[in-house]
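I opened the notebook to go through one structure, entry by entry, and to write down what I looked up.

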Amino acid sequence: GLKILDVEEIDTHGGSLRIYGCHKDDPRKTKKSVKLLLKEEKLQGLQKLKTYQDFQLHANRVKNQLLNFLIEQKNNGKKIVGYGAAAKGNTLLNYAGIKSDLLPVVYDGAITKQGCFMPGSHIPILSPKYLNHTKPDYVLILPWNIAKEVRKQNTTAEKKGIKFIVTSGPKGENEVGYDANDIGHYFHNREQYKYHNLKQRRTYKVGMVLVDKYGRTSPVIPST
């Protein structure tokens, strides 16, 4: 058997835990950091089932607002592309059922990904060097945790008026179109992520979403 000896909060993926374990009969005492983190988890409600049920509703909101935003911008003649062919972004695209009709391309700096397609959605992945030629109105940063880095790498595009956006900030600001520049302070202050502490949300009247008794939602059905 094993036991947790120590735990450390790190920045990876927007916030992760590095856990140190040892054999259960190891004479070393469990460090104070473990007790403090368990106390914080209890305060955040992580030992309650309702917390995870509410989290599902939050995930549904992120999905629906993203779909609404993409449909509205397409109807307004705006062009939106994606940036970052990361696993978290791909999960979001497939969960929301987003295909190349709403997000025609995703740019990524990894040579091994360029010329391939996003799994499931089959959205093509291209080199960022083509971004300025595409001249989109918005660039949707799929891995929000590297938003600052992406913006620094694409200052030329921003100077041309291209707006970089994220779907959801790490503190729970759940608003599509949220300026990627505004979440930068998080990476310095290490504020606690509280998904339930939502600020104002946008509602786009472009259709309807069907919700069943379990809180599961259908894709957005455009209004006619």
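How much space lies in the second largest pocket? I read off about 160 Å³ for the second largest pocket, and I keep in mind throughout that this is a predicted model.

**Entry on the pocket.** I looked up the lining next, and found that 13 residues line the second largest pocket, with Tyr 83, Gly 84, Asp 108, Gly 109 and Ile 146 lying nearest its centre. Helix α5, residues 147-153, supplies the largest share of that lining, namely three residues. By character, I noted seven nonpolar, three polar and three charged residues in the lining of the second largest pocket.

**Entry on helix α2 and Tyr 95.** I then turned to Asn 60, which is found in helix α2, residues 49-75. Is Asn 60 buried or exposed? With a relative accessible area of 4%, Asn 60 falls under the 20% cut-off, and therefore I put it down as buried. The side chain of Asn 60 is joined to that of Tyr 95 by a polar contact of 2.4 Å. I also found Lys 63 lying over the face of Tyr 95, at 4.8 Å from the ring centre. Ala 59 lies in helix α2 as well, and I computed its separation from Tyr 95 as 9.4 Å in space, C-alpha to C-alpha, with the two positions 36 residues apart in sequence numbering. Ala 59 has a relative accessible area of 22%, and because that value lies between the cut-offs of 20% and 50%, I entered Ala 59 as partly exposed.

**Entry on the aromatic rings.** How many aromatic pairs does the structure hold? I found one aromatic pair. Phe 69 and Tyr 138 form it in an edge-to-face arrangement, at 5.5 Å centre to centre and with 75° between the planes. The pair links distant parts of the chain, since Phe 69 is in helix α2 and Tyr 138 is in strand β6, residues 138-141, so that the two are 69 residues apart. I checked the accessibility of both partners, and both Phe 69 and Tyr 138 are buried.

**Entry on backbone angles.** Which phi value does His 122 have? I noted a positive phi of about 60° for His 122, although it is not a glycine. I placed His 122 in the loop between β4 (106-107) and β5 (125-126), and at 56% relative accessibility His 122 counts as exposed, because the cut-off for that word is over 50%. I made a second note of this kind for Lys 135, which has a positive phi of about 55° although it is not a glycine. Lys 135 is found in the loop between α4 (131-134) and β6, and with a relative accessibility of 63% Lys 135 counts as exposed.

**Entry on Lys 35.** Last, I looked up Lys 35, which is found in helix α1, residues 32-43. The relative accessible area of Lys 35 is 66%, and so I recorded Lys 35 as exposed. I also noted the distance from Lys 35 to Asp 6: their C-alpha atoms are separated by 9.4 Å, while the two residues are 29 residues apart along the chain.

Notes: Residues are numbered from 1 along each chain as its sequence is written. This is a predicted model: local features need pLDDT of at least 70, side-chain atom pairs count only at pLDDT 80 or more; totals for chains, interfaces and linings use all residues. Side-chain values use heavy atoms; hydrogens and water are left out. On a 1 Å grid over the protein atoms alone, a cavity is a set of points where a 1.4 Å probe fits but cannot get out, and a pocket is an open set with protein on both sides within 12 Å along at least five of seven lines; lining residues have an atom within 4 Å of a point. Grid points are joined across faces, edges and corners, and a volume is the space filled by probe spheres set on the points. Helices (H or I, at least four residues) and strands (E, at least two) are DSSP runs, numbered from the N terminus. Ala, Val, Leu, Ile, Met, Phe, Trp, Tyr, Cys and Pro count as nonpolar, Asp, Glu, Lys and Arg as charged, and the others, Gly among them, as polar. Buried means under 20% relative accessible area, exposed over 50%, partly exposed in between (1.4 Å probe, protein chains only). A polar contact is a pair of N or O atoms within 3.5 Å; within protein, one must be able to donate a hydrogen and the other to accept it, and residues adjacent in sequence count only if both atoms are side-chain atoms. Rings of Phe, Tyr and Trp (its six-membered ring) pair if their centres lie within 6.5 Å; planes under 30 degrees apart count as stacked, over 60 as edge-to-face and the rest as tilted. A charge sits over a ring if NZ of Lys or CZ of Arg is within 6 Å of the ring centre and within 35 degrees of the ring normal.
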